[in-house]
Amino acid sequence: MCSIGMDIEGFKNKGCYLLFNLNVILYSGRMHITENTIVTMRYIVEDVSRNLLDDTYANTPIKFKMGQGDFPKGLENQMMGLKSGQSKVVHVLAEEGYGKRKKELILKVSRHELPSDIEIKVGSRIRRYETIFESELFTVQGYIGDWVYLDRNHPYAGLDLNYKIHIVDVDTDW
């Protein structure tokens, strides 16, 4: 009798080889990533020195619509054509990722202009709300006396990145 736990030789010896090949054909017919497909994936992001920047493997996989700007264009371009179950290591240059760092996005503000209930320390994130629906996220870059330097660049701006991605699912709707 044929069973799922058998090795390839067991399949051949028991006349299950055709069934095994049929499963491979069905498995290879999965949908591939194109513009506007719904992609569910896990990923690890490191800089070129192999410092871990983000890791989604411990959490629920990320689900997004391809081509909507949720990820850098340099990553999305290299994901095109992948199918569920596939993994890939992708190198994304800063220019194709989050861009170069821009000095004009670093602001110098008085500590008194910031809410008194937040701790000001290098690396902490501060969100400034323009309206209920609009906000800007800053990273505290440093401080000297009463002056605090806030950086509005994306934290990965200026970095070449290595993504280790695993495609969990590709679909046409949520």
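Q: In this predicted model, does Tyr156 count as buried, partly exposed or exposed, and at what relative accessibility?
A: Tyr156 lies in the loop between strand 8 and strand 9. Buried means under 20% relative accessible area. Tyr156 falls under that cut-off and counts as buried, at a relative accessibility of 15%.

Q: How are the rings of Tyr98 and Tyr156 arranged as a pair?
A: A pair of aromatic rings is described by the distance of the centres and the angle of the planes. The ring centres of Tyr98 and Tyr156 are 5.7 Å apart, and their planes stand at 75°. Planes over 60 degrees apart count as edge-to-face. The pair of Tyr98 and Tyr156 is therefore edge-to-face.

Q: How many residues apart in sequence are the parts that the pair of Tyr98 and Tyr156 ties together?
A: Tyr98, which counts as partly exposed at 27% relative accessibility, is in the loop between strand 4 and strand 5 (106–110). Tyr156 belongs to the loop between strand 8 and strand 9, so the parts tied together are separated in sequence by 58 residues.

Q: Which residues form one aromatic cluster?
A: The structure holds four aromatic pairs. One cluster of aromatic residues is made up of Tyr43, Phe64, Phe71 and Tyr163.

Q: Which element gives the largest share of the largest nonpolar core?
A: The largest nonpolar core has 19 residues, and Met41, Leu75, Met79, Tyr163, Ile165 and Ile167 have the most contacts inside it. Two or more residues come from each of strand 1, helix 3 (73–79), strand 4 and strand 9. The largest share is five residues, given by strand 9.

Q: Which residues does a second, separate core include?
A: This core is separate from the largest one and has eight residues. Among them are Ile120, Ile126, Val140 and Val148.

Q: In what sense do strand 1 and strand 9 pair, and over how many bridges?
A: One position in this pairing is Ile44, whose bridge partner in strand 9 is Lys164. Strand 1 and strand 9 (residues 161–171) run in the antiparallel sense, and the number of bridges is ten.

Q: Which residue in strand 9 does His91 stand opposite?
A: Strand 4 (residues 87–92) runs antiparallel to strand 9, and six bridges join them. Opposite His91, in strand 9, stands Asn162.

Q: What lies 2.8 Å from the backbone nitrogen of Asn153?
A: Asp151 is found in strand 8 (residues 147–151). At 6% relative accessibility, Asp151 is buried. Beyond four places in sequence, Asp151 touches residues including Arg101, Leu137 and Gln141. At 2.8 Å from the backbone nitrogen of Asn153 lies a polar atom of the side chain of Asp151.

Q: Is Arg50 buried or exposed, and at what relative accessible area?
A: Arg50 has a positive phi of about 70° although it is not a glycine. This residue sits in the loop between strand 1 and strand 2 (52–55). Exposed means over 50% relative accessible area. Arg50 is exposed, with a relative accessible area of 62%.

Q: What is the phi of Asn36?
A: Asn36 is in the loop between helix 2 (17–27) and strand 1 (38–47). With a relative accessible area of 39%, Asn36 is partly exposed. Asn36 is not a glycine, yet its phi is positive, at about 75°.

Q: Over the face of which residue does Lys108 lie?
A: The distance from Lys108 to the ring centre is 4.6 Å. The ring belongs to Trp147.

Definitions and conventions:
Residues are numbered from 1 along each chain as its sequence is written. This is a predicted model: local features need pLDDT of at least 70, side-chain atom pairs count only at pLDDT 80 or more; totals for chains, interfaces and linings use all residues. Side-chain values use heavy atoms; hydrogens and water are left out. Helices (H or I, at least four residues) and strands (E, at least two) are DSSP runs, numbered from the N terminus. Buried means under 20% relative accessible area, exposed over 50%, partly exposed in between (1.4 Å probe, protein chains only). A polar contact is a pair of N or O atoms within 3.5 Å; within protein, one must be able to donate a hydrogen and the other to accept it, and residues adjacent in sequence count only if both atoms are side-chain atoms. Contact means heavy atoms within 4.5 Å. Two strands pair if DSSP finds at least two bridges between them. A nonpolar core is a set of buried Ala, Val, Leu, Ile, Met, Phe, Trp, Tyr and Cys residues joined through side-chain atoms within 4.5 Å. Rings of Phe, Tyr and Trp (its six-membered ring) pair if their centres lie within 6.5 Å; planes under 30 degrees apart count as stacked, over 60 as edge-to-face and the rest as tilted. A charge sits over a ring if NZ of Lys or CZ of Arg is within 6 Å of the ring centre and within 35 degrees of the ring normal.
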